[in-house]
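This report describes selected residues and one helix pair, for a reader who has not met the structure before. Please look at the sequence and the model first.

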Amino acid sequence: MKPALELTSVPAWATAPTRPPADTSGRYWTVVAFGDAGAEVARAWTAEIAATGRESGLRVHAVDDGGDEQARAALRADLAEARVGWRLMMAGPASACLRLRADAVDAGVADDEMTVASTDVGQRAVHCAHCRAVTSGAIQLEDVVPCAGCGRKLFVYYHVSRRQGLHLGFMVDAEGQEAS
């Protein structure tokens, strides 16, 4: 039996592509767009913010799909100058957005200051609870995947670490192994 997703730590946007409207309640915005699909969402958000007449407080950072370090650097730089009313909006693959969200949470950004549009939910990064290696690929929740580090068969559980931006994987037959 699958748990109700809203009762897990997995954000709904990490399981199905989403495109929420821009958070126009702010006064200053950092928009991080991963890849072409993220850039398309960022353009729509920019137009929504421009319609408020407050686009002077808008910064848009376009990074490659694998541009985690560029995204982190943009987040850190903009946070250093953030003022009351600052918002973070990110668009791109859910796996990249989860990692950037983890960096933002670590820096003290609250959930209500972040908006996420996921453009692809087919890729996941799974943290092995046993050896701490990360296995990435086309992985679904409840899949069983071999750990890239220790080779254990990991069950991909309904848990995302807010601190790491990774899904949890643990040995699928751990109980049977302990009894042996």
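Which backbone oxygen does the side chain of Ser-118 reach at 3.2 Å? That of Ala-16.

The model is predicted, so local features need pLDDT of at least 70 and side-chain atom pairs count only at pLDDT 80 or more, while totals for chains, interfaces and linings use all residues. Residues are numbered from 1 along each chain as its sequence is written, and side-chain values use heavy atoms, with hydrogens and water left out.

**Ser-118**

Ser-118 lies in strand S4, residues 114-120. Strands (E, at least two residues) and helices (H or I, at least four) are DSSP runs, numbered from the N terminus. Ser-118 is buried, at 2% relative accessible area. Buried stands for under 20% relative accessible area, exposed for over 50%, and partly exposed for values in between (1.4 Å probe, protein chains only). A polar atom of the Ser-118 side chain also lies 2.5 Å from the backbone oxygen of Trp-13. Such polar contacts are pairs of N or O atoms within 3.5 Å; within protein, one must be able to donate a hydrogen and the other to accept it, and residues adjacent in sequence count only if both atoms are side-chain atoms. Not counting residues up to four places away in sequence, Ser-118 touches Trp-13, Ala-16, Pro-17, Thr-18, Gly-92 and Ala-94. Contact here means heavy atoms within 4.5 Å.

**Thr-135**

Thr-135 belongs to strand S6, residues 134-138. Its relative accessible area is 9%, so Thr-135 is buried. The Thr-135 side chain reaches the backbone nitrogen of Ala-148 at 2.8 Å. Leaving aside neighbours within four places in sequence, Thr-135 is in contact with residues including Arg-124, Val-126 and Cys-147.

**Residues in loops**

Three loop residues are listed below.

| Residue | Loop | Relative accessible area |
|---|---|---|
| Arg-132 | between S5 (123-128) and S6 | 66%, exposed |
| Glu-142 | between S6 and S7 (144-146) | 30%, partly exposed |
| Val-172 | between S9 (167-171) and H4 (174-179) | 35%, partly exposed |

Most residues other than glycine have a negative phi. Arg-132, not a glycine, has a positive phi of about 75 degrees. Glu-142, not a glycine either, has a positive phi of about 75 degrees.

Val-172 and Asp-143 are 29 residues apart in sequence, and their C-alpha atoms are 9.8 Å apart in space. Val-172 touches Val-144, Lys-153 and Phe-155, not counting residues up to four places away in sequence.

**Helices H2 and H3**

Two packed helices are described by the angle between their axes and the distance between the axes. For H2 (residues 68-80) and H3 (residues 94-106), the angle is about 35 degrees and the axes are 10 Å apart. Axes are lines fitted to C-alpha atoms, for helices over the stretch in contact, and angles run from 0 to 180 degrees between N-to-C directions. On the H2 side the contact is made by Asp-68, Ala-71, Arg-72 and Leu-75, and on the H3 side by Ala-96, Arg-99, Leu-100, Asp-103 and Ala-104.

**A span from the record**

An unreviewed UniProt entry lists residues 126-169 as "domain: Dimethylamine monooxygenase subunit DmmA-like C-terminal". UniProt annotations may be inferred rather than shown by experiment. In the model, the end C-alpha atoms of residues 126-169 lie 6 Å apart, and the span is 0% helix and 50% strand.
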